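Work through the exercises below with the sequence and the structure at hand, and compare each step with the solution that follows.

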Amino acid sequence: MKKIFFLFVLCSSFLTTAQQLILKKGVVMDSVIVNDSIPESFALYLPTKFEVSKPSPVLFVYDTQGRGERVLKMLMMAAEENQYVLAASNNVHDSLSLSQNVLVTKRMFQTVFDAFTIQKDRVYTAGFGGGARMASLMPTFFKQVKGVISCGAGLANSEVLSSRNPFHFIGIVGVEDFNYPDILRSKNLFNTLKFKNQTLVFDGGHQWPSMDLLSEAMRLFDLEAMEKGIIAKDTSFIIDSYTKSLNYTNSLISENNPLEAYRKLEEVIEVYKPLITVDSLKSSLKALKRNTRYKNQKRSQNAIFFKEDLIKSDYNYYLEEDLLTYNYNNLGWWKYQMEELQKFQKSPNILEKQMGVRLEAYLNALVEDNMDIVRTQPTIDEEALNFLWMLKTIISPKEYSNYLNVISLNAKVEDFGTALFYLEELLKIGYDNVDELYALENTALLRITPEFNELVDKYLKSARYKIIEE
C-alpha cells in the first residue's frame, strides 16, 4: 500500500493562503501546484523512506516539452535506490525564452525548498537532450545547484562556465549518440576549470540511459558529498561502489577494450582517491597506457573523430548553401551521402560502424533543427521547408509525414508532377492510409486527376474516383 501523509505548507511569498498537499511516497505525483496565484505545476517523487524532518538531496529534472510526470518515471527507480527527491516542472518549454524558463524554475525551486527540508549543497539538476542542456545552464543562475546529470547532451554554453562557480558534471552518453565525441572531449575543459566531472558510457544511441547508470550518477554525487564532509562517510557504501567500478573496469579489459578501460580507471582514481587508498591502481593505469592495443585504439578513435568532424562540417556547409539557393539539384549528393553512411554502418570496423550511426542521427537532428528555425520565422519560407521535407525523405525514408508535406505543398502551387512523384514514392514504402490521403490539405484538384487515382488503385486498389480509359 502506498504511504500517504498530509503536509500543510506556506509555499513561498507568492502564496496568499496555505495549501494542503496530499503527498504520496513511492509514486510520481503529476500536478503539484506551485502556488495559488500562478497556473504552474510540477511533478514530484518522494522515495518510500522519505521523512519530512530528515534532510534529503533533491534532483530537479528538465524536459523541454514540460512533461514532468513522464520524465520523472525515467529516474524514479534510481531515486528510490538512492533516496533522492525528484521534481520536474510541467511549464518549462523550449518555446519559451531562457529568462522565462529560469523564472519558472525559480518558482518551482522556492516551492520545493519551502515544502521540504533539503540538504545543504545537495541540489542537483538533470535532463535528456534539450532538457540536459537546460539543466546544465541552471548552476549559472542558481548557486544552490551543485551538480548536473546530462544524458545524451553536452553543455548548452561552455562560455558561461567559471572556475569561481564550479559544479559537478556527470555526462551519460551512448557510443552511437552523435554527442558522444563532444562529451568525451569536454573533459579537458572541465579539468582546466577544475570542475569535478565523470562520463558514463553505454552501448546505445541517443536514448535515456539505464536505471543502473542513473543510479551510479547519484552515487557519484553521494561520494562527493562524503568527500566534502556534507554527509557522513559510509565506509561500506564507499567500498561497495568502488568494487562495482573496479569490476566494470576489469570487464572492459577482458573484452579487449583497453581504451574505455583506461578512461574508466582514470575516473575511478579521481573519485576514490580522497576517500580510500587507490595507489595500487596507478600502476595498472600506466600498464594500460603502455598496452599496444590501447595505443592502436587511441589512434583509431582520434582518426575517426577527426573524420567525423570533417563530415559534419560538410553537412552544415552544404545544407546552409542548399537552403539559401533552394538547390534541389543537390538532393542527389545527399542521397550519395546516405549511401556512404550505410557503408560505414556495415563496416567490420566497430569504430567506423558507430561513426556511421552517429552521423545519420546528427544529419537528422540538423535537418529538424533547420525546420524549427524556418517555422519560427515571422514569414515562413515554404520553399525552404519543401527542400527540407524532400531531404528528409532521403535521410529518413520511412517517415510518411515528409512525403505528405511535399505532396500537399506542391499540389498547392499546382506542381502536380512533383506531387505525383512523391505520392508514388510514399506508396512504394507501404503507406496505406487512404482516408488521410484523400483528405490531404491543398490536394482537392490533384486527387481528382486520373494520374492520382491510377497510383492509388495500382498500390492500394482503393481509388475514390473512376479512371476513364480512352
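**Exercise 1.** In this predicted model, determine which residue caps the N-terminal end of H13.

*Solution.* The cap is Asp 381, of which a side-chain oxygen lies 3.2 Å from the backbone nitrogen of Glu 383. A pair of N or O atoms counts as a polar contact within 3.5 Å.

**Exercise 2.** Compare the span of helix H13 with the span expected for its number of residues.

*Solution.* Helix H13 comprises 14 residues, 382-395. The expected span is 1.5 Å times one less than the number of residues, which for H13 gives 20 Å. The end C-alpha atoms of H13 are 20 Å apart, so the two values agree.

**Exercise 3.** Establish how many residues of H13 are buried, and what covers them.

*Solution.* Taking buried to mean under 20% relative accessible area, one finds that 11 of the 14 residues of H13 are buried, and the helix is thus mostly covered. Among the buried residues are Phe 387, Trp 389 and Met 390, but also Asn 386, Lys 392 and Thr 393. The cover of these buried residues includes helices H10 (292-325), H11 (331-345) and H12 (350-375), together with H14 (400-412) and H15 (416-428).

**Exercise 4.** Locate Tyr 465 and decide whether Tyr 465 is buried, partly exposed or exposed.

*Solution.* Tyr 465 is found in the segment after helix H17 (450-460). Because its relative accessibility is 38%, Tyr 465 counts as partly exposed. With Leu 445 and Ile 448, Tyr 465 forms a nonpolar patch on the surface, and together these residues have about 300 Å² of accessible area.

Definitions and conventions
Residues numbered from 1 in each chain as written. Predicted model: local features only at pLDDT ≥ 70, side-chain atom pairs only at ≥ 80, totals over all residues. Heavy atoms only, no water. Helix = DSSP H or I, 4+ residues; strand = E, 2+ residues; numbered from the N terminus. Buried < 20%, exposed > 50% of the residue type's maximum accessible area, 1.4 Å probe, protein only. Contact = heavy atoms within 4.5 Å. Polar contact = N/O pair within 3.5 Å; in protein donor to acceptor, adjacent residues only side chain to side chain. Patch = residues over 30% accessible without salt bridge, like charges linked within 9 Å, V, L, I, M, F, W, Y side chains within 5 Å. Areas by Shrake-Rupley, 256 points an atom, 1.4 Å probe, with all protein chains shown as cover. Salt bridge = Lys/Arg side-chain N within 4 Å of Asp/Glu carboxyl O.
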